[in-house]
Amino acid sequence: LTYIFKNITHEVLFILASVTILHIPFLSQAYHVDDWVYLSAAQKFMAEGYTSFHGFSEQMGMSIPNFYITHPLLWPWIVSVFLEIVGTLNENLIHILILPFSMVAALSAYSIAKKFSEDALIITLLLIVTPAFMLMSHVVMTDIPTLAFFLMAVGFFIYGIENESTSRLILSGFSAMLAWAVSYQA
């Protein structure tokens with residue numbers, strides 16, 4: 001932890017502040033149409049004790065077995081843990097769930113950009129202000145968490161190869177595994 005706090009730069013703080021400021025206007029936005037798929041699955045996991053493929057979830061007005069969900073089940077588990085903590089389906093609180101993943105995506109992009117460009121801050125800011133990133137940075141769908149874990153895997157891999165660091169390569173593999181466990185298209 002000391003290493004992390006010692007290496008925080010003004011640029012990193014600016015990125016974190018920018019992601020947060022861009023996230024705030026979307027907190028009170030209504031749920032996205034697909035958010036209910038993940039919220040429903042998360043509620044089922046909470047009700048059934050987090051058993052992996054048991055139960056049914058509501059999708060497009062139909063009750064579908066959880067093993068038919070078109071995404072792996074890690075994300076509904078994460079959402080269910082968050083729901084247990086906050087104890088409500090209030091949109092403002094649920095939209096906060098994605099903020100840490102948006103921050104990880106931005107910081108991972110910054111880390112990768114820093115390796116290949118002197119304009120890493122500008123590159124990162126261009127990522128976080130793209131319409132796709134801004135619009136998806138508050139929904140309960142898997143887009144931003146997948147991006148966050150994927151970029152983290154790429155960043156760990158690049159620095160693991162460069163520094164011949166086995167631990168970073170292992171973290172790269174673990175991050176990639178998390179990306180795939182959140183969304184198959186990773």
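Starting at the N terminus, the elements of this protein follow the order α-α-α-β-β-α-α-α-α-α-α-α. What you have in front of you is a predicted model. In total there are 10 helices and two strands. Residues are numbered from 1 along the chain, as the sequence is written, and you can use those numbers to find each place we visit.

Let us take the whole chain first. The protein has 186 residues, and 41% of them count as buried. Its exposed surface comes to about 10,200 Å², with carbon and sulfur atoms supplying 70% of that area. How do distant parts of the sequence meet? Among the contacts with a separation of 6 or more, 67% are between residues 24 or more positions apart.

Now step inside. The largest nonpolar core has 40 residues, and those with the most contacts inside it are Leu39, Trp75, Val79, Ile94, Leu97, Phe101 and Val140. Elements that give two or more residues to this core include helix H2 (10-23), helix H3 (35-47), helix H7 (120-128) and helix H8 (131-136). Which helix gives the largest share of the core? That is H6, with eight residues. One core residue worth clicking on is Leu97: leaving out residues up to four places away in sequence, Leu97 touches Trp75, Ile78, Val79 and Phe82.

Next, look at the aromatic rings. A search of the whole structure turns up two aromatic pairs. Trp75 and Phe101 make an edge-to-face pair, with 5.3 Å from centre to centre and 80° between the planes. Because Trp75 lies in helix H4 (residues 74-86) and Phe101 in helix H6 (residues 99-116), this pair ties together parts that are 26 residues apart in sequence. Phe101 also pairs edge-to-face with Phe149, at 5.8 Å centre to centre and 75° between the planes. Phe149 belongs to helix H9 (residues 143-162), so this pair ties H6 to a part 48 residues apart in sequence. Put together, Trp75, Phe101 and Phe149 form one aromatic cluster. Are its members buried or exposed? Trp75 and Phe101 are buried, and so is Phe149.

Helix H3 is a good place to try a little arithmetic. At 1.5 Å a residue, its 13 residues should span 18 Å, and the C-alpha atoms at its ends are indeed 18 Å apart, so the two values agree. Several residues of H3 are buried, among them Tyr38, Leu39, Ser40, Ala41, Ala42 and Phe45. Here is a handy rule for reading helices: an α-helix has 3.6 residues a turn, so residues three or four places apart point the same way.

Some of those H3 residues meet a proline from helix H4, where Pro76 has its place. Pro76 has 1% relative accessibility, and it counts as buried because the cut-off is under 20%. Setting aside neighbours within four places in sequence, Pro76 is in contact with Tyr38, Ala41, Ala42 and Phe45. The C-alpha atoms of Pro76 and Ser40 are separated by 8.4 Å, although these residues are 36 residues apart along the chain.

Our last stop is Ser183, in the segment after helix H10 (166-182). Ser183 is buried, with a relative accessible area of 1%. Its side chain is joined to that of Gln185 by a polar contact of 2.7 Å. Beyond its neighbours within four places in sequence, Ser183 is in contact with His71, Pro72, Thr142 and Thr146.

How values were computed: Side-chain values use heavy atoms; hydrogens and water are left out. Helices (H or I, at least four residues) and strands (E, at least two) are DSSP runs, numbered from the N terminus. Buried means under 20% relative accessible area, exposed over 50%, partly exposed in between (1.4 Å probe, protein chains only). Contact means heavy atoms within 4.5 Å. Accessible areas come from the Shrake-Rupley method with a 1.4 Å probe; for residues, only the protein chains shown count as cover. Rings of Phe, Tyr and Trp (its six-membered ring) pair if their centres lie within 6.5 Å; planes under 30 degrees apart count as stacked, over 60 as edge-to-face and the rest as tilted. A polar contact is a pair of N or O atoms within 3.5 Å; within protein, one must be able to donate a hydrogen and the other to accept it, and residues adjacent in sequence count only if both atoms are side-chain atoms. A nonpolar core is a set of buried Ala, Val, Leu, Ile, Met, Phe, Trp, Tyr and Cys residues joined through side-chain atoms within 4.5 Å. The expected span of a helix is 1.5 Å times one less than its number of residues.
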